[in-house]
Amino acid sequence: MEDLYWVHFTQTGRISDYLEYKKHESLLKAETDENSNKGSCNNGTNNWGE
């Protein structure tokens with residue numbers, strides 16, 4: 001999928017558009033990391049193993 005923020009930056013060349021692209025990129029990365037790095041913790045127990 002083509003990143004519209006990047007396309008917009010390449011068309012305008014403005015620093016503000018590049019910063020918007022980087023902000024959007026980091027938000028996407030944070031969402032991906034949150035969904036893919038759940039870890040192997042046991043969410044159904046407390047500290048005593050119950």
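The legends below accompany a set of close-up views of a predicted model.

**View 1. The whole chain is built on two helices and has zero strands.** Welcome to the overview, a good place to get your bearings. Helix α1 covers residues 4-12, and helix α2 covers residues 15-36. Of the 50 residues in the protein chain, 10% count as buried. The chain exposes about 4,700 Å², and carbon and sulfur atoms supply 53% of that area.

**View 2. Both ends of α1 have a local feature to look for.** At the N-terminal end, D3 acts as the cap: one of its side-chain oxygens lies 3.0 Å from the backbone nitrogen of Y5. Now follow the chain to the other end of the helix. Just after α1, G13 adopts a positive phi of about 75 degrees. R14 is found in the loop between α1 and α2.

**View 3. R14 and D17 join in a salt bridge.** Their closest N and O atoms are 3.3 Å apart. What lies on either side of this bridge? R14 belongs to the loop between α1 and α2, while D17 is part of helix α2. The two partners also differ in cover: R14 is partly exposed because its relative accessibility is 46%, whereas D17 is buried, with a relative accessible area of 10%. Leaving aside residues up to four places away in sequence, R14 touches H8 and F9. By the same count, D17 touches H8, F9 and T12. The side chain of D17 has a further partner here, making a polar contact of 2.4 Å with the side chain of T12.

**View 4. Four aromatic residues, W6, F9, Y18 and Y21, gather in one cluster.** How many aromatic pairs does a search of the whole structure find? The search finds four. One of them joins F9 and Y18, whose rings are tilted, with 5.2 Å between the centres and 55 degrees between the planes. F9 counts as buried because its relative accessibility is 18%, under the 20% cut-off. Y18, at a relative accessible area of 32%, is partly exposed.

**View 5. W6, I15, Y18 and L19 make a nonpolar patch on the surface.** Its area is about 420 Å². Which helix supplies the largest share of the patch? That is α2, with three residues. I15, which sits in α2, is exposed at 64% relative accessibility. Two names here will be familiar from the previous view: W6 and Y18 also belong to the aromatic cluster.

**View 6. Helix α2 carries the salt bridges E20–K23 and E25–K22.** The structure holds three salt bridges, including these. The side chains of E20 and K23 meet with an N to O distance of 3.5 Å. In the bridge between E25 and K22, the closest N and O atoms are 2.8 Å apart. Why can such partners meet along a helix? An α-helix has 3.6 residues a turn, so residues three or four places apart point the same way. E20 and K23 are separated by about one helical turn, because they are three residues apart in α2. E25 and K22 are likewise three residues apart in this helix, about one turn. As for their cover, E20 is partly exposed at 36%, and K23 is partly exposed at 46%. E25 has a relative accessible area of 32% and is partly exposed, and K22 counts as partly exposed at 35%.

Technical notes. Residues are numbered from 1 along each chain as its sequence is written. This is a predicted model: local features need pLDDT of at least 70, side-chain atom pairs count only at pLDDT 80 or more; totals for chains, interfaces and linings use all residues. Side-chain values use heavy atoms; hydrogens and water are left out. Helices (H or I, at least four residues) and strands (E, at least two) are DSSP runs, numbered from the N terminus. A polar contact is a pair of N or O atoms within 3.5 Å; within protein, one must be able to donate a hydrogen and the other to accept it, and residues adjacent in sequence count only if both atoms are side-chain atoms. Contact means heavy atoms within 4.5 Å. Buried means under 20% relative accessible area, exposed over 50%, partly exposed in between (1.4 Å probe, protein chains only). Patches are made of residues with over 30% relative accessible area and no salt bridge: like charges are joined within 9 Å, nonpolar side chains (Val, Leu, Ile, Met, Phe, Trp, Tyr) within 5 Å. Accessible areas come from the Shrake-Rupley method with a 1.4 Å probe; for residues, only the protein chains shown count as cover. A salt bridge is a side-chain nitrogen of Lys or Arg within 4 Å of a carboxyl oxygen of Asp or Glu. Rings of Phe, Tyr and Trp (its six-membered ring) pair if their centres lie within 6.5 Å; planes under 30 degrees apart count as stacked, over 60 as edge-to-face and the rest as tilted.
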